[in-house]
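Trainee: I should like to understand the terms used for this structure. May we go through them one by one?

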Protein chains: 2
Amino acid sequence: MASPLDIAVVGATGAVGREFLDVLEQRRFPHARIRLLASARSAGTALLYRGGSVVIEELTERSFEGVKLALFSAGGSISKVYGPIAVDAGAVVVDNSSAFRMMDHVPLVVPEVNPEEAAPHRGYAKPGIIANPNCSTIIMLVAVNPIRAAFGVERLVISTYQAASGAGAAAMEELRTQTADVLAGRPAEPKVFKEPYAFNLFSHNSSLDPLTGRNQEEQKMIDESRKIWRDPSVKITATCIRVPVLRAHAESINITLKTPATEGEVREVLSRAPGVTILDDRAGNVFPTPLKASGRDDVFVGRIRGDESQASTGSGAQAKFHGFNLFVCGDQLRKGAALNAVQIAELL
Amino acid sequence: MASPLDIAVVGATGAVGREFLDVLEQRRFPHARIRLLASARSAGTALLYRGGSVVIEELTERSFEGVKLALFSAGGSISKVYGPIAVDAGAVVVDNSSAFRMMDHVPLVVPEVNPEEAAPHRGYAKPGIIANPNCSTIIMLVAVNPIRAAFGVERLVISTYQAASGAGAAAMEELRTQTADVLAGRPAEPKVFKEPYAFNLFSHNSSLDPLTGRNQEEQKMIDESRKIWRDPSVKITATCIRVPVLRAHAESINITLKTPATEGEVREVLSRAPGVTILDDRAGNVFPTPLKASGRDDVFVGRIRGDESQASTGSGAQAKFHGFNLFVCGDQLRKGAALNAVQIAELL
């Protein structure tokens, strides 16, 4: 990497924003000055970073002077306004919102899957926007991509178990507060989510297409996976559910392969995959959980098994299955958001 | 129904046992004397029932004298020993454990699906055992059976979101206690489950087949559905997950039909189905949740939508889909256990 550069974090006080700081610090991401940008409300307060204290500045049109890399996680509307301003100022923007993901000229990158898409911006040669995919998409792709590379993927049926953090710090606080209220016999007061959250779960809170019945989260998983894989024909259906967990998503994934494989072959491929840790002890009943994935970089994969409801040939260890089931967990704030964005920046 | 009969509840102090009493009371199930049976530890204490107090007796080989109906929910090993004793004493046993479910001569009954299987025992003409299916199986079948009856079912891919109650009252208490501990900054102490439960989820705690990788809960869903439907060829794969919810299960169900159907046709069939309440408001984002299902008799069905990852023909309201997605919630203690058992008794 060339001489250190000035970087900016937009939405520094949010759940993902704070995670950006942790990840930049832990990975010793090389930079000169760091600007922490947020709304006027937070300006003037300070955040701890690399043993010091950095004062938060108000996000304005002039915030990006001299900035080479801007990490955005302040929602789609902020990204739409300030992303292009940062690019005009000469920055590469890595944007965590959905604002630009599906635009043709915007690379949508999971470093383990399609790092080459970031190439035009390497060395900060060209300002522009690189989009960070949806958290559920990233976590699924890290687990399924190695299997797809080896055996091809015909179809995916996904059910998610999504944590509060995907809806931000206020949602995490809502889960804690409501749960304490319910345990104390007080009524739970839904604020962030419409449904009560304590000891409950509910269909993802994003809006639904009245015709297809899919919610935005489900549509993102389909559209983003197809774009990242450059495979508009891959068949995907998803049911996205919010569960009372704080910060790691889980996903139950049923795969139909193009070429059948033995369980050993699928395991072998996953064991060599970047960003994947296998946790799959049948005798001990030890598998991925959100708590095990929390604060960790890797996506945890377990319950790897041939799917008895799809065609198979042979038996025992030689049995070749057309389908597989997986259960995966990944930290929504890290690999699902901040870590993936910083890994994109590391490609530059 | 003939003259009132003496009944017994085995495992009266457990989570399902107490629910038996609620359901018998609410449905005004006609009976003469009721015997509440439990271990020596609970004997002598009393439970409220129909405005009075009933003293719990210790379960012994002589507990079933004069009893015509015995509702069992005290675990498989108690059922194996005392079920046949109750039958020898002349009772019809409705057993909530998995001990007898897969035996050829034992009817496995969901009243909405296969009430005719209970016929040999009608009018208490013949003592014997009728098995109550697994909670996840019952809840799934109530929702899917009407669709199967109309269009046929080729394959099911199911992911469950299972409540603490499936593992009994101690598991529900563990969820509450651990959650209070975590909120207070104390370490969570796993006792009933190996994995921490507060703000966490984990693969179902039943043991796994080392070869297939399926856990017992998943295998039950497959085997019991095939037996109840008398259809050994129906293809089913399930991933069973325990979530931090107290007493209602949720399931994400992906269906492949034998005959394609429009969404309107599937909705119409479900709207006429016994035991089903549709809750499916896309504009308002109102769908089934465990809390809405808790304490309720019906299985709630929502997120009814054609599956874009399977073949379809036509478009708009006329589109015919080979596959559908559903999200269902049902009270594990009621329809998943006590209510279904009492409904079986009502068939008699």
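Mentor: Let us begin with the term axis: an axis is a line fitted to C-alpha atoms, for helices over the stretch in contact, and angles run from 0 to 180 degrees between N-to-C directions. Please bear in mind that this is a predicted model.

Trainee: Why is α3(A) called oblique to α6(A)?

Mentor: The axes of helix α3 (residues 135–151) and helix α6 (residues 263–271) of chain A come within 9 Å and cross at roughly 120°. Angles of 65 to 115 degrees count as roughly perpendicular and those over 145 as roughly antiparallel. The crossing of roughly 120° belongs to neither class, and therefore α3(A) is oblique to α6(A). The crossing is also right-handed.

Trainee: Which residues make the contact of these two helices?

Mentor: A:P146, A:I147 and A:A150 come from α3(A), while A:V266, A:V269 and A:L270 come from α6(A). By class, this contact has six nonpolar, no polar and no charged residues.

Trainee: Why are α3(A) and α8(A) described with another word, roughly perpendicular?

Mentor: Their axes come within 8 Å and cross at roughly 90°. That value lies in the range of 65 to 115 degrees, and α3(A) and α8(A) are therefore roughly perpendicular to each other. On the side of α3(A), the residues A:C135, A:I138, A:I139 and A:V142 meet A:K335, A:G336, A:A337 and A:N340 of α8(A). The residues of this contact divide into five nonpolar, two polar and one charged.

Trainee: What makes β3 and β7 the edge strands of the sheet in chain A?

Mentor: The open sheet has seven strands in the order β3-β4-β2-β1-β5-β6-β7 (chain A), with mixed pairing. Strands β3 (46–49) and β7 (128–131) of chain A each pair on one side only, and this marks them as the edge strands. Neighbouring strands are turned by 25° against each other on average, direction ignored.

Trainee: How do you know that β6(A) and β7(A) count as a pair?

Mentor: A pair needs at least two bridges. Strand β6 (residues 92–95) of chain A and β7(A) are joined in the parallel sense over four bridges, which satisfies the condition. Within this pairing, A:V93 stands opposite A:I129. Helix α8 (residues 334–347) packs on the sheet, touching β5 (67–72), β6 and β7 of chain A, and its direction makes about 155° with that of β6(A).

Trainee: What is the order of the strands in chain B?

Mentor: Chain B has an open sheet of seven strands in the order β3-β4-β2-β1-β5-β6-β7, with mixed pairing. Four bridges join β6 (residues 92–95) of chain B to β7(B), and the two run parallel. In this pairing B:V92 stands opposite B:G128.

Trainee: Why is the relation of chain A to chain B that of a two-fold axis?

Mentor: Chain A can be laid on chain B with an RMSD of 0.0 Å by a turn of 180° and a shift of 0.0 Å along the axis. That is the relation of a two-fold axis.

Trainee: How do you know that the copies meet through the same surface?

Mentor: 100% of the interface residues of chain A are also interface residues in chain B, so the copies meet through the same surface. In this interface, 49 residues of chain A are in contact with 49 residues of chain B. Among the elements of chain A that give two or more residues to it are β8 (153–161), α4 (169–183) and β12 (248–262). The side of chain A that touches chain B has 22 nonpolar, 16 polar and 11 charged residues.

Conventions. Residues numbered from 1 in each chain as written. Chains lettered and ligands numbered in written order. Predicted model: local features only at pLDDT ≥ 70, side-chain atom pairs only at ≥ 80, totals over all residues. Contact = placed C-beta atoms within 7 Å. Nonpolar A, V, L, I, M, F, W, Y, C, P; charged D, E, K, R; others polar. Parallel < 35°, antiparallel > 145°, perpendicular 65-115°, else oblique. Left-handed = near helix turned anticlockwise from the far one by under 90°. Least-squares fit on C-alpha atoms with pLDDT ≥ 70 in both.
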